[in-house]
Amino acid sequence: VVVLGDVGRSPRMQYHALSLAKHGFAVTLLGFLTGPRVLQYGVKVVYQAVHLLWKLMGRDPATYIFLQNPPGLPAIAVCWFVGLLCGSKLVIDWHNYGYSIMGLVHGPQHTLVLLAKWYEKLFGRLSHLNLCVTNAMREDLAENWHIRYAGPGTPVSLQMTRRPGLSAPVDTATERSLFTERDPQSGVVTRAPGRPALLVSSTSWTEDEDFSILLAALEKFDQLTFSGDNLPSLVCVITGKGPLKEHYSHLISQKHFRHVQFSTPWLEAEDYPLLLGSADLGVCLHKSSSGLDLPMKVVDMFGCCLPVCALNFKCLHELVRHGENGLVFTDAEELAAQLQVLFSKFPDHAGKLSQFRRNLRESEELRWDESWERTVLPLLMDR
C-alpha cells in the first residue's frame with residue numbers, strides 16, 4: 001500500500017491496509033517524506049522514482065500494489081514497472097486528478113500541467129483495478145479516460161465517538177471553562193449555560209480552499225450578534241498547517257471581531273476527533289480542483305455526527321444532502337445567512353442543528369468495513 005507522501009494524511013489508504021490485513025493479506029505500508037523544497041519537479045521526480053523503486057524491489061513480490069493518486073507522479077509509472085517485473089497487479093485509488101491540483105498553482109494550460117495530465121492518463125490506463133472516491137469520478141474515468149474496472153465510490157467513516165466537552169482552561173475556583181462546568185459535588189461535567197457556539201474547520205492551507213469566504217461570513221455574523229439578533233458569541237477553530245496559514249492568520253489579525261474568537265492550532269491525531277465531537281458546526285471550504293473528489297474533512301465530521309455547512313461543487317451531493325445532514329452554500333453571503341439560521345436561539349434543541357445531528361446519528365449508511373467488503377474484496381477475490 002503506497003502513498004507518495006504523509007500516510008498520516010491519507011486515512012483511506014490506512015483503512016485499505018487494515019482491511020487487507022483483516023482479510024488475510026500480508027501488508028506492507030509505504031509512506032514517504034516530501035523531501036527538501038529545493039528538490040522541485042524534475043529533480044524531485046527522479047529522486048522519488050529511484051527511492052520508491054528501491055523500496056518496492058527490496059522486498060518479496062506483492063500480489064497487489066495499492067496506490068493512492070494523487071500524488072501519482074512518478075508513483076504510477078514506478079508501481080506499474082515493478083508490477084511488470086514482479087507480476088504484481090496495480091490497484092489505483094483515485095482521490096482526485098493530480099494535474100488538476102497542479103493547475104491551481106500554474107494554470108490549466110501550463111506546459112507542466114498538460115504534461116502531468118498526459119502522464120496521468122497514459123499510466124492510469126495500465127492499472128489492473130481502479131477505485132474511486134465518488135461515482136462521478138468513476139464515470140469520468142470511463143468516459144473521458146477510457147479506464148475500465150473502476151469500482152464504485154468507497155465511502156470512509158471514521159466511526160469516531162462523540163465526546164462532550166472541549167479541553168479548555170478551567171477556573172479552579174468555579175470549576176468552569178469557556179464551554180463546560182463541573183459540579184463540585186458530583187464531579188459531573190456539563191455544557192455551561194450561556195457558552196459560545198463552537199465552529200470548526202480543518203485545512204491544509206492550500207489554494208483549493210478560500211478562507212476569505214468564511215472570514216467575510218463571520219464578519220456579517222459578528223455584526224448581527226452585536227446588533228442583538230439573539231445570536232451567541234462564536235469560537236472558530238481552524239486546524240491544520242500549510243503554506244497559506246501565515247497569510248490567513250495575518251488577515252484574521254487585521255479584523256476587529258467583537259463576538260468571534262479564532263484559534264488555529266495543529267492537533268495531535270487523538271485530539272482531532274475530540275474537537276469534532278465537541279463542536280456545534282463544521283464548515284468545509286474545499287472547492288475541488290477536478291469537481292470529482294470529496295472532502296475527507298466532511299467524512300470525519302459526519303463520523304462524529306457533526307453537521308456541516310459546505311461550499312458547493314459538482315458532486316458534493318454524494319456526501320452532503322442539503323437540509324438533511326447539513327447545508328450547502330455558494331458564497332460568503334449565503335454562508336452568513338445559514339449561520340444566522342442555525343445559531344438563532346442557540347442552543348435550540350428543536351432547531352435545525354439538532355435536527356441535522358439526529359439525522360446523522362440515525363443514518364444507516366455503510367461504514368468502511370461493510371463498504372470495503374462489498375465493493376473492494378470481491379474485485380480482489382475474482383483475480
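Q: Two strands pair if DSSP finds at least two bridges between them; how do you know that β8 and β9 pair?
A: β8 (residues 197-202) and β9 (residues 234-239) share six bridges, in the parallel sense, so they pass the cut-off of at least two. Across that pairing, Ser202 stands opposite Thr239 in β9. The names come from DSSP runs, numbered from the N terminus: helices are H or I with at least four residues, strands are E with at least two.

Q: What kind of model is this, and how are things numbered and counted?
A: It's a predicted model, where local features need pLDDT of at least 70, side-chain atom pairs count only at pLDDT 80 or more, and totals for chains, interfaces and linings use all residues. Residues are numbered from 1 along each chain as its sequence is written, and side-chain values use heavy atoms, with hydrogens and water left out.

Q: How do you know how confident the predictor is about the chain?
A: Look at pLDDT, the predictor's confidence in each residue, from 0 to 100. The chain's mean is 86, and 90% of its residues reach 70 or more. Residues 152-170 are another story: pLDDT stays under 50 there. For that stretch the model has 63 contacts beyond four places in sequence, a contact being heavy atoms within 4.5 Å.

Q: What makes β10 and β13 edge strands?
A: Start with the sheet, which is open and has six strands in the order β10-β9-β8-β11-β12-β13, with parallel pairing. β10 (260-263) and β13 (326-329) each have a single partner strand, so one side of each has no neighbour in the sheet. From one strand to the next, the twist averages 20°.

Q: How do you know that β11 pairs with both β8 and β12?
A: Count the bridges again. β8 and β11 share two, in the parallel sense, and Val200 stands opposite Gly282 in β11. β11 and β12 (residues 308-311) share three, also parallel, with Val283 opposite Cys309 in β12.

Q: Why is β9 called mostly covered?
A: Buried means under 20% relative accessible area, exposed means over 50%, and partly exposed lies in between (1.4 Å probe, protein chains only). Six of the six residues of β9 are buried. Leu234, Cys236 and Ile238 point one way, Val235, Val237 and Thr239 the other. β11 (residues 281-284) does something similar, with Leu281 and Val283 on one side, Gly282 and Cys284 on the other, and all of them buried. In a regular strand the side chains alternate between the two faces of the sheet.

Q: Why does Glu139 count as partly exposed?
A: Glu139, in helix α6 (residues 135-144), has 49% relative accessibility, so it counts as partly exposed. From Ser202 it is 63 residues away in sequence and 29 Å away in space, C-alpha to C-alpha.

Q: How do you know that the span of α3 agrees with what a helix should give?
A: The expected span is 1.5 Å times one less than the number of residues. α3 (residues 75-86) has 12 residues, so it should span 16 Å, and its end C-alpha atoms are indeed 16 Å apart. Its buried residues include Ala75, Ile76 and Val82, and among the elements covering them are α2 (42-57) and α5 (111-124). After α3 comes Gly87, with a positive phi near 80°.

Q: What makes the backbone at His146 and Trp205 stand out?
A: Most residues other than glycine have a negative phi, and most peptide bonds are trans. His146 has a positive phi of about 55° although it is not a glycine, and Trp205 likewise has a positive phi, about 50°. His146 sits in the loop between α6 and β6 (180-182), while Trp205 is in the loop between β8 and α7 (212-226).

Q: Why is His146 called exposed and Trp205 buried?
A: His146 reaches 57% relative accessibility, so it counts as exposed. Trp205 has just 1% relative accessible area, so it is buried.

Q: Which residues does a cis peptide bond join just before α3, and what is omega there?
A: Leu73 and Pro74, with omega about 10°. Pro74 lies in the loop between β3 and α3. Phe346 to Pro347 is cis too, with omega near -10°.

Definitions and conventions
Axes fitted to C-alpha atoms, helices over the stretch in contact; angles between N-to-C directions.
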